[in-house]
Amino acid sequence: RESSSLLKLYVFYITRYRSHILVRVVAYLVGVESSKIIVSLVADQRCSSAFVRKTSQSTAITMYLYMLRLLGYYLLWTLYIYWWHRATHKFPILWYFHKRHHMVSYKGEWEFSLWNLVFWFNDWQSTVDQWIMEIIPTTVMIIIVPEAWPIGVFYYIDGVVLSEGITDHNPRICVPIMAMGRYHLRHHANLKVNYDMFTRLWDWVFGTMADPIPKGHFIKISTKGQYAGTIVPITDD
């Protein structure tokens, strides 16, 4: 009876796992008695499969928790930049560096400077402003929390390479929930609204959100010392 049971077990496993070379060789050499070996091999395989499933589930949970932490870092990072931007409009020493940013007409030319790639932004005042508002805090965050490095990559691409005239100050674009294009240019027309630099969340939370400038318009600075620009049609030179 035991031999018959082993035979059935042997037929089942050798049929199901016939691709296993070791099983086929042993079965050929020792016949029915190899079923005991087969049972051991299958048990090992089942354990391996269970381990893989458990590991996959653990990896998924780990990744999920990491994404939540990354979102938290992003929210804290953007919150800091939001309040620092507001501070640059309140404290004279910070405004001294930031005001250069508000002395430019943004008509919508696709601007790009190779100097931006090495963190130099037009002039020394604008460069200092960018460093103390965004670059240094972002660098410190990544040093303290290395796993936040994707935010650094995002910042370099969006905040350094593209922001000058491709995203932030481009009147031809307006992306929902993002603080770029016509949304950000509203801040250049009204210095008391739209302080957010990456997402509109904190403007919404703290009541400083305003509608983007109208489509087909840009910000024009007409006189020296003018910081709040005039909204005019793009066709107006």
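Trainee: How many aromatic pairs does a search of the whole structure find?
Mentor: Good place to begin! Keep in mind that this is a predicted model. Searching the whole structure for aromatic pairs gives a total of 19.

Trainee: Is the pair of tryptophan 77 and phenylalanine 154 stacked or edge-to-face?
Mentor: A pair of aromatic rings is described by the distance of the centres and the angle of the planes. Here the centres of tryptophan 77 and phenylalanine 154 are 6.4 Å apart, and the planes meet at 80 degrees. Planes over 60 degrees apart count as edge-to-face. The angle of 80 degrees therefore makes this pair edge-to-face.

Trainee: How many residues apart in sequence are the parts that this pair ties together?
Mentor: Let's place each ring. Tryptophan 77 sits in helix H3 (residues 35-88), while phenylalanine 154 belongs to helix H6 (residues 149-161). The pair therefore ties together parts whose separation in sequence is 77 residues.

Trainee: Is tryptophan 77 buried or exposed?
Mentor: The cut-off helps here: buried means under 20% relative accessible area. Phenylalanine 154, at 28%, is partly exposed. Tryptophan 77 has a relative accessible area of 3%, so this residue is buried.

Trainee: Which helix gives the largest share of the largest nonpolar core?
Mentor: That core has 16 residues, and those with the most contacts inside it are Trp77, Ile81, Ile151, Tyr155 and Phe198. H3, helix H5 (124-144) and H6 each contribute at least two residues. With six residues, the largest share comes from H3.

Trainee: Which residues are linked into a cluster by ring pairs?
Mentor: You have already met some of them: Trp77, Tyr155 and Phe198 are among the residues with the most contacts inside the largest nonpolar core. Tyrosine 155 also touches Trp77 and Phe198, among others. The cluster that ring pairs build consists of Tyr74, Trp77, Phe154, Tyr155 and Phe198.

Trainee: How many residues of helix H7 are buried?
Mentor: H7 covers residues 182-189, and this helix is mostly covered. Its buried residues are Arg182, Tyr183, His184, Leu185, His187, His188 and Ala189. Two of these names, Leu185 and Ala189, also turn up in a second, separate core of five residues, which includes Tyr106 and Ile219 as well. Out of eight residues in H7, the buried count is seven.

Trainee: What share of the chain's residues count as buried?
Mentor: Let's step back to the whole chain, which has eight helices and two strands. Its exposed area is about 14100 Å², with 67% supplied by carbon and sulfur atoms. Among its 237 residues, the buried share is 38%.

Note on methods:
Residues numbered from 1 in each chain as written. Predicted model: local features only at pLDDT ≥ 70, side-chain atom pairs only at ≥ 80, totals over all residues. Heavy atoms only, no water. Buried < 20%, exposed > 50% of the residue type's maximum accessible area, 1.4 Å probe, protein only. Helix = DSSP H or I, 4+ residues; strand = E, 2+ residues; numbered from the N terminus. Areas by Shrake-Rupley, 256 points an atom, 1.4 Å probe, with all protein chains shown as cover. Phe/Tyr/Trp six-rings, centres within 6.5 Å; stacked < 30°, edge-to-face > 60°. Core = buried A, V, L, I, M, F, W, Y, C linked by side-chain atoms within 4.5 Å. Contact = heavy atoms within 4.5 Å. Lists of a residue's contacts leave out its neighbours within four places in sequence.
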